[in-house]
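Colleague: I should like to go through this model with you, one feature at a time. Please give the reasoning before each result.

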Amino acid sequence: MLVAAIGAAILGSWMEGALLLFLFSLGHALEHYAMSKARKSIEALTSLAPPTALVVRDGGQQEIRIEELVLGDVIVIKPNSKIPADGVVIKGEGSVNQAPITGESVPVDKSPVPDPQKDYSNEKSIKPEYRVFAGTINGAAALEVKVIKEAKDSTISRLVKMVNEAEKQKSPTQLFTDKFERYFVPFVLVLVTVLCFAFLVIDEPFSKSFYRAMAVLVAASPCALAISTPSAVLSGVARAARGGVLIKGGRPLEDLGSLNAIAFDKTGTLTEGKPQLTNVIPLNGVSEEELLLVAIAVEKLSDHPLAEAIVKGGMEKLKKQSLPEASKVKGITGRGVQAEVEGKKILIGNKALFEKDKVPADIIKQVEDLEKGGHTSMLVKQDKDFIGILSLMDVPRREAKNVLKELSALGIKKMIMLTGDNQQVAEAVAKQIGITVAMGNLMPEDKVKAVQKLDKSEKMVAMVGDGVNDAPAMAKSTVGIAMGAAGSDV
């Protein structure tokens, strides 16, 4: 292009030379703008983990940058704050919202490890109730956590690294163009030099031969594509933007047309992303209304996310009614809650809470059936009688079933669900909305492996997600589609 512009200047066509350079500079400027936006997005990922941590040192607490944390440091996590490092809980009990990292829809209850002095940094499998991840959000209880991974090795840092690597990988088309240019450019320059001397063979003045050589130089430039392609791409991207869809560039736009399979995250993508009250089953002659009144009175005083879902769902069913007063409310971490309502002792919780009681076999069967269907279930006990079962579930979005039907009609052969939730929950949701394959219990790196496997078998695969935990898998897929809800848009 520079040689052609210089040639235009020699011929006195200054305007044409300037226009040529302007058009190609504009093309390059737009490309750099898109790239810098992508880089800023990756930087935004790193801000998910807080920059500082409150560490216990020399008998006191001090705030330090997370890069200065060393293995074995004890950090204090205040209620409702982000966790700055990967570690194990050594003091305090409470629930942690892990959705940004693992994609689990229900907050996970945490309790201290049996041996706080032990070095857990090389342990391969640490139980979920002991372990916390950087970038997740603590609930209402204060926790003390022993650091088991340095900032550069934390789950969130690995996510950023995986996304970065995928960003740097050039598309096959780019690689082909690079190779093509390596041979094409010298060839064109040699050809143009030869054409400049055409006047020696053909009867014409040098200026005419030179003009023809310059015309060939401009026409032969592979950069001509750099103007025609972006204009087509930009109109497609602009049209999508009007519909609220942001497309990163030409390649994803082209690839969308030839997809064979789509992998979906579950929580927040195919489902609402928060648990809802799904079943109220009264037992032993108690009415549904009585069961709900007791459950809401107790759960209203708890700050657990599942309690909030019971209160919200229960109040909708009851329509306004005055509630009995609950007193002596006490949370039992990982199991449930106990209280007194109108002089009667009430226990609400999972099966683990009633291990010592003899729960009738028919009630156990009902609970197990609900859990097979992907529900989180709770038993309600009043004094010595079980008066009901409550179940909660992260329910599918209303639109999910239709969207999958339409995708199938468009020729998408396989629709796969990848989730951090357990396999039973995954299969239950898949059955309701028409997903072909459901894969549960996946960590972010497992999702990446699953997408790579699909990429090999299906050739063209898209990954749709809404959480940061989906970002590496989206980056590895042919096209990543971010729902822009829990941070995966960045």
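Colleague: Which residues form one aromatic cluster?

Modeller: This is a predicted model, and the answer rests on ring pairs whose centres lie within 6.5 Å. By that rule the count comes to three aromatic pairs. One aromatic cluster is formed by Phe199, Phe206 and Phe210.

Colleague: How are the rings of Phe354 and Phe386 arranged as a pair?

Modeller: A pair of aromatic rings is described by the distance of the centres and the angle of the planes. For Phe354 and Phe386 the centres are 5.2 Å apart and the planes stand at 70°. Planes over 60 degrees apart count as edge-to-face, so the pair of Phe354 and Phe386 is edge-to-face.

Colleague: How many residues apart in sequence are the parts that this pair ties together?

Modeller: Phe354 and Phe386 are both buried. Phe354 belongs to the loop between β14 (344-349) and α12 (361-372), whereas Phe386 is in strand β16 (residues 385-393). The pair therefore ties together parts whose separation in sequence is 32 residues.

Colleague: Are α1 and α6 roughly parallel or roughly antiparallel to each other?

Modeller: Helix α1 (residues 2-10) and helix α6 (residues 206-220) have axes that come within 9 Å and cross at roughly 150°. The contact involves Val3, Ala4, Gly7 and Ile10 of α1, with Phe210, Met214, Leu217 and Val218 on the α6 side. The crossing is left-handed. Angles over 145 degrees count as roughly antiparallel, and α1 and α6 are therefore roughly antiparallel.

Colleague: In the open sheet with the order β2-β1-β3-β9-β4-β7, which are the edge strands?

Modeller: This open sheet has six strands with antiparallel pairing. Within it, strand β1 (residues 52-57) is joined to strand β3 (residues 74-77) by three bridges, and Val55 has Ile75 in β3 as its bridge partner. An edge strand pairs on one side only, as is the case for β2 (60-65) and β7 (131-132).

Colleague: Which strands stand at the edges of the sheet with the order β11-β16-β15-β14-β13-β12?

Modeller: This too is an open sheet of six strands with antiparallel pairing, and its twist averages 20° from one strand to the next. A strand with a single partner has one side left without a neighbour in the sheet, so the edges are held by β11 (276-282) and β12 (326-332).

Colleague: Which residue in β16 does Met378 stand opposite?

Modeller: Strand β15 (residues 376-382) and β16 pair in the antiparallel sense, with seven bridges between them. Opposite Met378, the residue in β16 is Leu390.

Colleague: At what angle to β11 does helix α10 run?

Modeller: Helix α10 (residues 288-299) lies across β11, β12, β13 (336-341), β14, β15 and β16. Relative to β11, the helix runs at about 130°.

Colleague: What is the bridge partner of Asn97 in β8?

Modeller: Strand β5 (residues 94-97) is joined to strand β6 (residues 108-110) by three antiparallel bridges, with Ser95 opposite Asp109. Two bridges join β5 to strand β8 (residues 137-138), again antiparallel. In β8, the partner of Asn97 is Ile137.

Colleague: Does Arg398 count as buried or exposed?

Modeller: Arg398 is found in the loop between β16 and α13 (400-409). Its C-alpha is 8.5 Å from that of Thr271, although the two are 127 residues apart in sequence. The relative accessibility of Arg398 is 76%. Values over 50% are classed as exposed, so Arg398 counts as exposed.

Note on methods. Residues are numbered from 1 along each chain as its sequence is written. This is a predicted model: local features need pLDDT of at least 70, side-chain atom pairs count only at pLDDT 80 or more; totals for chains, interfaces and linings use all residues. Side-chain values use heavy atoms; hydrogens and water are left out. Rings of Phe, Tyr and Trp (its six-membered ring) pair if their centres lie within 6.5 Å; planes under 30 degrees apart count as stacked, over 60 as edge-to-face and the rest as tilted. Helices (H or I, at least four residues) and strands (E, at least two) are DSSP runs, numbered from the N terminus. Buried means under 20% relative accessible area, exposed over 50%, partly exposed in between (1.4 Å probe, protein chains only). Two strands pair if DSSP finds at least two bridges between them. Axes are lines fitted to C-alpha atoms, for helices over the stretch in contact, and angles run from 0 to 180 degrees between N-to-C directions. Angles under 35 degrees count as roughly parallel, over 145 as roughly antiparallel, 65 to 115 as roughly perpendicular and the rest as oblique. A crossing is left-handed if the near helix is turned anticlockwise from the far one by less than a right angle, and right-handed if clockwise. Contact means heavy atoms within 4.5 Å.
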